[in-house]
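Hi everyone, thanks for coming. I'd like to walk you through one protein model today, so please have a look at the sequence and the structure before I start talking.

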Amino acid sequence: MRMMAAVCRRIGVDVADRLELNSKKHKYLVKSISDQDSWPPYKEFEVIHNYLVTPDPKMQARVRKRGRDGVYTFTHTVRRPKIKGQRVELRKQISGRTYQMLLNQKDNKHHTIFKERRCFIWNNRYFQLDIYKEPCHPRCLQLMILETYTTAEGKDFDAPPFLEIDCEITDHPLYSMHNLSLKDYHNMEIKAGATESTDTFDYRHIYAQAECSENGIGVIEFQ
């Protein structure tokens, strides 16, 4: 990370605080987006995730298909259990043939995740907006999640003005893609305080006790 930051400074590339030592990935729940005329230039991709069966329930494995206009790249990711509080994630590019072979190990306890991903730069900071698409579980309908790397916390985050941010969901387990893809999510919803059927309520407001700050940006508090 230090080397990348040094190279960027040397060649005059401004990456904001993305490469700072205390920078980390932040996730935000997006309530609505403005029309495209107010957006900066962006690239749009089709993204498909499938979780795979693993020998250890604490381990996660998935494959991703990402691309546009019929041209795709394929990725295999394995997330290992935490060691001394650190989680190890191994990610590698794979061929289309290997991707198809790994799909035979698809975990049927999970839905396939379909997304529209918009990647853009605003104020020298890189963002990606994931918009969940059908077919999907009803809880994911119209779900939009913004991701970026930054040192800003809570209200210090300078949100793009063309996005209406509901609240911050960084590290919130119910908004992890792994948990969003689960077919049987009933127990976790009860723990979160939900009282309605997963087939009828708006998943974006599943938390009966959790509210965003008055300014629209805050960290969801667990009850």
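Let me begin with a word we'll need: a residue is called buried under 20% relative accessible area, exposed over 50%, and partly exposed in between. Take Glu44 as a first try: its relative accessible area is 32%, so Glu44 counts as partly exposed. Please also keep in mind that what you see is a predicted model.

Now, the overall layout. In what order do the nine strands of the open sheet come? Going across, the order is β5-β4-β3-β2-β6-β7-β8-β1-β9, and the pairing is antiparallel. At the edges sit β5, residues 89–94, and β9, and each of these pairs on one side only. On average, neighbouring strands in this sheet are turned by 30 degrees against each other, ignoring direction. As a general reminder, strands of a sheet pair through backbone hydrogen bonds, either parallel or antiparallel.

Let's zoom in on β8 and its neighbours. β1 and β8 are joined by six bridges and run antiparallel. One partnership to look for there is Leu29 with Ile145 of β8. β7 and β8 also run antiparallel, with five bridges between them, and Ile131 has Met144 of β8 as its bridge partner. Is β8 mostly covered or mostly open? Mostly covered: six of its seven residues are buried.

On to β1 and β9. This antiparallel pair holds together over five bridges, and Ser32 stands opposite Glu164 of β9. Remember Glu164, please, as we'll meet that residue again.

Next, the inside. In soluble globular proteins, nonpolar side chains tend to be buried together. In this model, the largest nonpolar core has 15 residues, and the members touching the most others are Val30, Phe120, Leu129, Leu146, Leu163 and Ile165. Which strands supply at least two residues each? They are β1 (24–33), β6 (113–122), β7 (125–132), β8 (144–150) and β9 (163–168). Of these, β7 gives the most, with three residues. There is another core apart from this one, made of twelve residues, including Tyr51, Ile113, Tyr175 and Met177.

Val30 is a nice residue to click on. Leaving aside residues up to four places away in sequence, Val30 touches Leu129, Met144, Leu146, Leu163, Glu164, Ile165 and Asp166. So there is Glu164 again, among the contacts of Val30.

Now for the charged side chains. How many salt bridges are there? The count comes to eleven. One of them joins Lys31 and Glu164, with an N to O distance of 4.0 Å. Lys31 is in strand β1 and Glu164 in strand β9, so this pair links distant parts of the chain, 133 residues apart. Are these two buried or partly exposed? Lys31 has a relative accessible area of 40%, which makes this residue partly exposed, and Glu164, at 37%, is partly exposed too.

Here is another one. Glu44 makes a salt bridge with Arg118, and their closest N and O atoms are 3.3 Å apart. Because Glu44 lies in strand β2 (residues 42–51) and Arg118 in strand β6, the pair ties together parts that are 74 residues apart in sequence. Glu44 was our partly exposed example; Arg118, by contrast, has a relative accessible area of 8% and is buried.

Arg118 has a further partner: its side chain meets that of Glu116 in a salt bridge of 3.0 Å, N to O. Both Glu116 and Arg118 are buried. If you follow the connections, you find a network of salt bridges that links Glu44, Glu116, Arg118 and Lys133.

Finally, let's visit the loops. Which peptide bond is cis, with omega near 0 degrees? That's the bond from Glu134 to Pro135, and Pro135 is placed in the loop between β7 and β8. Asp69 is not a glycine, yet has a positive phi of about 55 degrees. You'll find Asp69 in the loop between β3 (60–68) and β4 (71–79), and with 70% relative accessibility Asp69 counts as exposed. Asn123, also not a glycine, has a positive phi near 55 degrees, and Asn123 is in the loop between β6 and β7.

That's my tour. Thanks for listening, and please ask away!

Notes
Residues numbered from 1 in each chain as written. Predicted model: local features only at pLDDT ≥ 70, side-chain atom pairs only at ≥ 80, totals over all residues. Heavy atoms only, no water. Core = buried A, V, L, I, M, F, W, Y, C linked by side-chain atoms within 4.5 Å. Buried < 20%, exposed > 50% of the residue type's maximum accessible area, 1.4 Å probe, protein only. Helix = DSSP H or I, 4+ residues; strand = E, 2+ residues; numbered from the N terminus. Contact = heavy atoms within 4.5 Å. Pairing = 2+ DSSP bridges. Axes fitted to C-alpha atoms, helices over the stretch in contact; angles between N-to-C directions.
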